[in-house]
Every structure is written in structure tokens, then in C-alpha cells.
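The exercises below are meant to be worked with the sequence and the coordinates side by side. Attempt each task before reading the solution that follows it.

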Amino acid sequence: MSTAAEAMADAAARLRAAGIASPARDARILLAHAARIDAMRVTLIAPEDLAPEIAERFEHLVALRAVHVPVSHLVGEREFYGRRFKVSREVLDPRPETETLIEAALAEPFTRVLDLGTGSGCILVTLLAERPDATGIGVDLSESACLQASANAVLHEVAGRTDIRRSDWFSDVPERFDLIVANPPYISRSEMRDLAPGVRHHEPEMALSDGGDGLGAYRRIVPGLADHLVPGGRALFEIGPTQGEAVSGLLAGAGFDVRILPDLDGRARVICARMG
């Protein structure tokens, strides 16, 4: 029988050998999950022998992580903008860079928001949680994603102000909004092979890529914006770091005023478009 500290060290070594980028951190999170304690308490149990049932659960989790199953899928949740969201392999993992879109959205007032391709619902739910007077609609083509978003709306107590619909972009959305947000699939087919294994093999491809040049979703969304925004309304899109010029051109050609916002690493990340 080994102590928790020894088990974590062994797990970190295995994960490092498997090419995991943050082996010690992941081992700590997985041990906390196996022991059903908060990750902050792992140091408290480090000197103790692991109970057999905890050791067995931990071994199973480490084995899955070693084949690049994302930590969020193993523990069933991911933190985003200070809240924990339930996730699964049916939805895209919330990512820190998407918080740039949240900050941009919250920089101005809004009362009615549409989230296109809502996935886990992390964008819509966060915006409604931050703005208690706002209401919103989230749409996704995936029924599983709609269920996940609905569950997260309940979890964060915004379900009464949220309408989750299965829709192909605007197809089942007749309303107008003062804010439209989207993190569409923008990874090109050629870029897919360069993704980390945990992303490429365990996250839904339809949420990552359009199967073409990565601009297909924007080409479909932009023509419908004017019919779904009130005068002066805003649209915010997450983009890939090389897509600023192309997406800006699509929006400018449709009559929008456009600016590009960088993420914390200084890369182009969010397109802000406004109705005239």
C-alpha cells in the first residue's frame, strides 16, 4: 500500500512519459476526484495510505488520462469565468481564451442575448449569471449539447431566463437581440491533424471544425445578423488567431462596424461587430 504522495508521484511520472503537458497538476486533480475531496485538500492526505477503493479509482483515472482523455471528461466538469460547468465528450470544453469574449460582452449593457452554437452553455449561462436582468436563447444543432446547456443553466440558477433550442444557426430563431455571441467551429481541416490528441480524439469534431477552411460558420452566420439584431446591436465572435482579416471582411461587407480584440497572449481572438 502506498501513500497518497507516492501514488501522485508515480502517476505524474506515468503521465509525463505519456506526453501529458501538466502531469503533476493532472495527477493531483484526479486523486482529489478519486478520493472525493477538494483538490485543495490533497496535501492534507498526502502522508496517508490510500484506501484500496480510492487507489483503484485513481489507477483507472490515470490510465484513461495517459491515453489523453481530457481531465474535464474524467471529472465531469471544467472551470470557466469563476464557475464550474458540467461537460462531457458531447460538447466543447470551455477554454480560458473564450473569457475574452465574455469580457467584451459585459463591457456594455444588454438585456436580450442569443448564443449561436451554445455547446455546454458556458457563454450564455455566464452572461446571464453576470447580468441578472438579462434573458437569452442558446441554440445548437446537437441535441446532446442542448441537454448539457440546459443542465448548466439549472446548475447556475438561470434556467428561468434561458431558452435552449435545437436549431441550425438562425433557422428556428425569429427574434431580435441586442447581443449575439458565438464561438463557432473555426479550425480548418488541415489544422485538425495538428491538434493535441486529447482535443482531436475526445471533443466533438462538429464543434471544432467546419471540415473546410475554418470560415464556413461565419459565412453562414453573417448574412442573418442584420435580421436578428436591433439597431445598434452587437455581435461578438471568437475567431482563430489568423482569421481576423477574413472575418472582418465578411462583416464589413455586410455593413457592420468591426474591431478585433486580442486575448491575454496578444493573439486576435474576438471580433466585435455593431449594427449601424
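Two residues are taken to be in contact when heavy atoms lie within 4.5 Å. The model is a predicted one.

**Exercise 1.** Describe how helix 6 and helix 7 meet, giving the geometry, the residues and their classes.

*Solution.* Begin with the axes: those of helix 6 (residues 99–106) and helix 7 (residues 122–130) come within 11 Å and cross at roughly 35°, and the crossing is right-handed. Next, list the residues in contact, which are Leu101, Ile102, Ala105 and Leu106 on the helix 6 side and Ile123, Thr126, Leu127 and Glu130 on the helix 7 side. Finally, sort these by class, which yields six nonpolar residues, one polar and one charged.

**Exercise 2.** Determine where Met8 lies, whether Met8 is buried or exposed, and which residues Met8 touches.

*Solution.* The first step is to place Met8 in helix 1 (residues 4–17). The relative accessibility of Met8 is 14%, and because buried means under 20%, Met8 counts as buried. Leaving aside residues up to four places away in sequence, Met8 touches Ala27, Arg28, Leu31, Val42 and Phe58.

**Exercise 3.** Decide how many disulfides there are, and explain why Cys272 is too far from the closest cysteine sulfur for a bond.

*Solution.* A disulfide requires a pair of cysteine sulfur atoms within 2.5 Å, and by this rule the count comes to zero. Cys146 is accordingly in no disulfide, the nearest cysteine sulfur being that of Cys122, 14 Å away. For Cys272 the closest cysteine sulfur is also in Cys122, and because the separation is 17 Å, the two are too far apart for a bond. Turning to accessibility, Cys146 is buried at 5%, and Cys272 is buried with a relative accessible area of 8%.

**Exercise 4.** Work out which strands pair with strand 9, and why strand 9 can be called largely enclosed.

*Solution.* Start with the pairing: strand 7 (residues 229–238) is joined to strand 9 (residues 268–274) by five bridges, and the two run antiparallel. Strand 8 (residues 257–262) is likewise antiparallel to strand 9, with six bridges between them. Ala273 illustrates both pairings, since Ala273 is the bridge partner of Ala235 and also of Val258. Strand 8 and strand 9 form a hairpin with five residues between them, and in the turn Gly266 has a positive phi of about 80°. As a last step, consider burial: six of the seven residues of strand 9 are buried, so strand 9 is largely enclosed by the rest of the structure.

Conventions. Residues numbered from 1 in each chain as written. Predicted model: local features only at pLDDT ≥ 70, side-chain atom pairs only at ≥ 80, totals over all residues. Heavy atoms only, no water. Helix = DSSP H or I, 4+ residues; strand = E, 2+ residues; numbered from the N terminus. Buried < 20%, exposed > 50% of the residue type's maximum accessible area, 1.4 Å probe, protein only. Axes fitted to C-alpha atoms, helices over the stretch in contact; angles between N-to-C directions. Left-handed = near helix turned anticlockwise from the far one by under 90°. Nonpolar A, V, L, I, M, F, W, Y, C, P; charged D, E, K, R; others polar. Pairing = 2+ DSSP bridges.
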